[in-house]
Structure formats: C-alpha cells, structure tokens
Amino acid sequence: MEYHDVDAATLTSFSDYDDHYKVRFFNDPETGLRACIAVHNINLGPALGGCRMYSYGSEDDAIRDVLRLSRGMTYKNALAGLPLGGGKSVILGNPATEKTDALMAAMGRAVDTLGGDYISAEDSGTNEHDMATMRQSTPYVMGQAAAEGALGGDPSPVTAYGVFCGIKAALKHKYGSDSMDGLTVAVQGLGSVGYDLCRQLDAAGAILFVTDVNDAVLEKAGREFSNVQVVGLDEIFSVDAKVFAPCALGAQVNAKTIPQMTFEIIAGAANNQLETPEDDDRLMDKGILYAPDYAINAGGVIAVGYEYFEQSGHNPFPHDLTRANMMRHVEQIEQTLEKIFSIAEREGISPGHAADALAEAIFKGEAAAARSSDAA
Ligand code: NAD
C-alpha cells in the first residue's frame with residue numbers, strides 16, 4: 001500500500017483546514033482502495049471518528065469532506081466529556097458497487113499505519129461487517145457486534161436516549177419544567193434513532209407528529225404509539241408542535257423551512273441540521289431554541305468511546321466501564337445542553353456559537369494542554 005501525508009501547503013488551500021494534526025492519503029492498486037484519514041486534534045486523546053464510503057467527485061472533494069468531518073469530531077468528543085480527539089476517514093467509491101472485503105481489509109491496514117492516533121468506527125456507507133473486516137488488520141476499529149447488555153453493538157438506541165435527555169434540557173430551559181406529558185413533538189425520520197426516540201417520547205406521554213419516506217415504519221408507529229399522527233414529508237415543518245426533532249437527513253433547517261415553523265424548540269438526532277451557519281441566527285431571531293446537533297446526538301460516540309476504552313484496557317473514568325455507567329454518561333448530555341443554553345443567553349449569542357466556544361475551552365484549555373505535555 002502506498003501512502004503519504006498531505007503537506008500543509010496543499011492543505012491550506014482548503015477552507016476547512018484548521019491546523020489538522022495529520023492528513024494521510026492512501027492508494028492501494030491491489031485492492032483499489034483510495035482513502036484519506038484526517039486526524040484533527042489529539043489534545044484530549046486518540047482521535048475517534050467514523051469511516052465513511054462515498055462516491056466523491058474528486059480527491060479534493062474527499063479531502064474537503066474529511067477535513068470538515070474530522071474537525072467536527074474534535075468538538076463533538078470534547079463536549080461529550082470523552083478524553084478523545086477528533087478524526088475521520090473517507091473511502092472514495094460507491095459502497096453499493098465498489099466495496100469488497102479485500103478493500104475493507106486494506107482500509108484496516110491504512111488505519112493501522114496511524115499507530116492508534118486514529119480510532120475508526122461505522123459511518124454512512126460502512127456497516128458492522130465492514131468493521132469486523134477492518135478489525136482483522138488492526139485493533140483500532142470499534143463498532144463490533146456485542147452481547148445484550150455489553151459495551152459495543154448498535155449505537156442508535158444510545159443516541160436516541162441522548163436526544164431524549166437533550167429534549168428535557170431544552171424543555172427545562174424554555175419552560176422551567178421537563179414534563180413531556182401532553183407535549184407535542186414533530187419527528188422527521190423514523191429510522192434506527194427516530195423510531196426509538198418516538199418510543200421514549202410516547203412512554204413519557206408526548207403527542208407525536210411523524211413523517212418518513214418509508215410507509216411501513218409509519219404504519220408500525222400508528223399501531224404501536226398511543227397518540228400519533230402521520231403527516232406529509234413537507235408538512236412536518238409547519239405542524240403545530242412545540243418541538244421539532246429532525247432524525248432523517250442534514251440541512252433540513254434552512255431559509256426555506258424556518259419561515260414555516262411555529263416550533264419553540266429544535267432538538268433532534270440528525271447530523272448537520274442547519275444548512276448554513278446563518279440558520280443558527282435565524283432561529284435565534286425567531287425565538288426558536290436550537291439544541292446544537294453535535295451536542296445532542298453524542299450518545300452514539302459515547303457508546304463507541306466506552307467500547308474503545310474497554311478494549312484498550314485503559315479506563316480514564318473514575319467508574320467501571322459498564323453499560324449502565326455508559327448510559328449515565330449519556331445522561332450528562334442534559335447538563336451539557338443546559339450549560340450551552342445558559343452561556344448563549346448570558347452572552348446574547350446563539351446556542352451553536354456557545355457550543356463551539358465551550359468545546360474549544362475543553363480541547364484547547366489548560367487540562368488538554370497539560371494532558372498533551374504529559375504524553376509528550
Ligand atoms: P436511518 O437511516 O436508520 O434512519 C433515517 C430515516 O429517515 C429512515 O427511516 C428514512 O426512511 C427516513 N428518511 C429519509 N429521507 C427522509 C425524508 N426526506 N423525510 C423523512 N424521512 C426520511 O438513520 P439513523 O441511524 O436513524 O440516523 C438518523 C440521523 O441521525 C442521521 O442524520 C444520522 O447521521 C444521525 N445520527 C445517527 C446516529 C446513530 O447512532 N445512528 C448518531 C449520531 C447521528
């Protein structure tokens with residue numbers, strides 16, 4: 001396998017370059033692997049982030065994406081209270097037609113060249129089988145199948161629980177009470193995370209408005225939940241609900257949908273919910289409280305982080321690495337969001353800006369600096 005570290009002169013031509021620690025490009029003619037791993041920051045610990053496979057238009061598009069995503073992981077892991085840095089990897093290719101076990105095994109070898117500075121996991125275009133294949137060539141791959149009650153396995157229910165806790169923080173901030181009895185919630189996307197979130201909201205007494213492109217899942221929701229109304233795909237943005245929980249795609253909160261909204265809170269699982277950074281201010285101007293996506297949807301990364309610490313044999317926490325303790329860690333999302341909302345209110349800034357500032361204080365702060373000098 002051939003690989004090289006992309007030099008800073010090349011990287012500075014990308015607007016998403018942010019003094020990344022290491023960006024390595026791989027080319028393996030034997031398996032057809034073309035991939036890029038970006039480690040943004042390791043002040044807090046090794047960089048954790050998923051491995052995405054996507055048909056990028058060019059190598060530059062792939063580098064642009066991996067720079068942006070790896071930086072996002074530094075912020076996400078810091079806010080999640082994990083002693084981990086941020087990284088990400090991308091494989092250039094169509095996962096439906098170009099993925100082979102040989103290619104994924106080569107990706108495992110690519111991850112291994114970083115010697116543990118980068119920890120990989122599942123992302124869009126990769127699955128549990130791929131993680132097991134990569135794992136044959138390196139220990140630095142998480143997302144392995146797990147027995148019921150153990151660490152590891154599908155992180156989606158953990159993400160859903162974190163979003164549920166995050167909604168409570170938003171309710172408390174907005175109304176002074178986190179009661180969900182009779183609360184109206186619009187949920188877009190009833191997939192792995194959205195459906196589980198609906199189950200928890202339903203159990204807490206919420207009234208649900210739901211939409212999805214998949215009719216079967218909507219029928220199931222209609223049968224299972226006590227107070228649920230199915231609405232059209234475009235209708236979801238304008239239903240009369242207090243909370244909007246986007247759990248399908250990114251960029252659903254934008255200049256076109258915000259004017260339709262009468263929601264008071266946006267708190268959901270989807271990544272990159274805002275189409276542009278200006279949407280954060282648009283929501284603030286409209287008095288809609290936005291729970292920053294990367295703070296509220298961190299349950300999954302916390303689950304993967306715990307799996308990593310268990311496998312590495314290094315427990316950085318003052319408690320045992322059990323599933324129950326991991327779920328307690330996920331509950332901290334509520335306190336983190338409360339902190340973000342109060343900083344935003346105090347400083348007169350949007351919650352998105354407050355979340356970024358808080359994350360930076362953590363990974364650039366004194367504790368992080370002390371940790372990196374200890375490690376040196
Ligand atoms: P999923 O693919 O299981 O579910 C997505 C659901 O959205 C599907 O049911 C799909 O039919 C539906 N959908 C697609 N297009 C739609 C549209 N236009 N309108 C309404 N519904 C539509 O994905 P998931 O794992 O549940 O993740 C949901 C979101 O949360 C994604 O943005 C993902 O990146 C993010 N996220 C997931 C996790 C996790 O642990 N799974 C962690 C963090 C963030």
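Colleague: Why is Ala-186 called buried?

Modeller: This is a predicted model, so the value is computed from its atoms. Ala-186 has 0% relative accessibility. Buried means under 20%. Because 0% is under 20%, Ala-186 counts as buried.

Colleague: Where is Ala-186 found, and which residues does Ala-186 touch?

Modeller: Ala-186 is in strand S8, residues 184-188. Leaving out residues up to four places away in sequence, Ala-186 touches Phe-209, Ile-236, Val-239, Ala-241, Val-243, Phe-244, Ala-245 and Phe-263. Take Ala-241 from that list. Ala-186 and Ala-241 are 55 residues apart along the chain, yet their C-alpha atoms are separated by 6.1 Å.

Colleague: Why does Asp-28 count as buried?

Modeller: Asp-28 has 5% relative accessibility. The limit for buried is under 20%. Asp-28 is below that limit, so the label is buried. Asp-28 is found in strand S2, residues 22-28. Beyond four places in sequence, Asp-28 touches Met-1, Leu-33, Ala-106 and Arg-109.

Colleague: Now helix H2. What makes Met-73 and Asn-77 buried?

Modeller: Met-73 sits in helix H2, residues 59-79, and Asn-77 lies in helix H2 too. Met-73 has 8% relative accessibility. Asn-77 has a relative accessible area of 0%. Each value is under 20%, so each residue is called buried.

Colleague: Which residues are in contact with Met-73, and which with Asn-77?

Modeller: Neighbours within four places in sequence are left aside here. Met-73 is in contact with Leu-48, Gly-49, Gly-85, Gly-86, Gly-87, Lys-88 and Val-301. Asn-77 is in contact with Leu-48, Leu-82, Leu-84, Gly-85, Gly-86 and Val-301. Val-301 appears in both lists. Met-73 and Val-301 are 228 residues apart in sequence, but 9.2 Å apart in space, C-alpha to C-alpha.

Colleague: Why is Ala-251 called partly exposed?

Modeller: Ala-251 has 26% relative accessibility. Partly exposed covers values between the buried limit, under 20%, and the exposed limit, over 50%. The value 26% falls in between, so Ala-251 is partly exposed. Ala-251 belongs to the loop between strand S11 (243-246) and strand S12 (265-266).

Colleague: How do you know that Asn-272 is partly exposed?

Modeller: The reasoning runs the usual way. Asn-272 has a relative accessible area of 42%. That is neither under 20% nor over 50%, so the label is partly exposed. Asn-272 is in the loop between S12 and helix H8 (278-285).

Colleague: What is phi in Ala-251 and in Asn-272?

Modeller: Ala-251 has a positive phi of about 60°, although it is not a glycine. Phi of Asn-272 is near 50°, again positive in a residue other than glycine. Most residues other than glycine have a negative phi, so a positive value is worth noting.

Colleague: On to the ligand. What makes the pair between Gly-191 and the ligand a polar contact?

Modeller: A polar backbone atom of Gly-191 is 3.4 Å from an oxygen atom of the ligand. The cut-off is 3.5 Å between N or O atoms. The value is within it, so the pair is a polar contact. Backbone N or O atoms of Ala-248 and Ala-269 each lie 3.3 Å from an oxygen atom of the ligand.

Colleague: How much of the ligand's accessible area does the protein cover?

Modeller: The protein covers 71% of the 820 Å² that the ligand has on its own.

Colleague: Which residues come nearest to the ligand?

Modeller: There are 19 residues around the ligand, and Thr-159, Ser-192, Val-193, Asp-212 and Asn-271 come nearest. The shell divides into 10 nonpolar, 8 polar and 1 charged. Helix H5 (156-175) and helix H6 (192-203) each supply at least two residues of the shell.

Colleague: How is the protein divided into domains?

Modeller: Domain 1 is 2-72 + 84-135, and domain 2 is 156-297 + 333-361. Their centres, taken over C-alpha atoms, are 30 Å apart.

Notes
Residues numbered from 1 in each chain as written. Predicted model: local features only at pLDDT ≥ 70, side-chain atom pairs only at ≥ 80, totals over all residues. Heavy atoms only, no water. Near = heavy atom within 4 Å. Polar contact = N/O pair within 3.5 Å; in protein donor to acceptor, adjacent residues only side chain to side chain. Areas by Shrake-Rupley, 256 points an atom, 1.4 Å probe, with all protein chains shown as cover. Helix = DSSP H or I, 4+ residues; strand = E, 2+ residues; numbered from the N terminus. Nonpolar A, V, L, I, M, F, W, Y, C, P; charged D, E, K, R; others polar. Domains from an automatic or database assignment. Buried < 20%, exposed > 50% of the residue type's maximum accessible area, 1.4 Å probe, protein only. Contact = heavy atoms within 4.5 Å.
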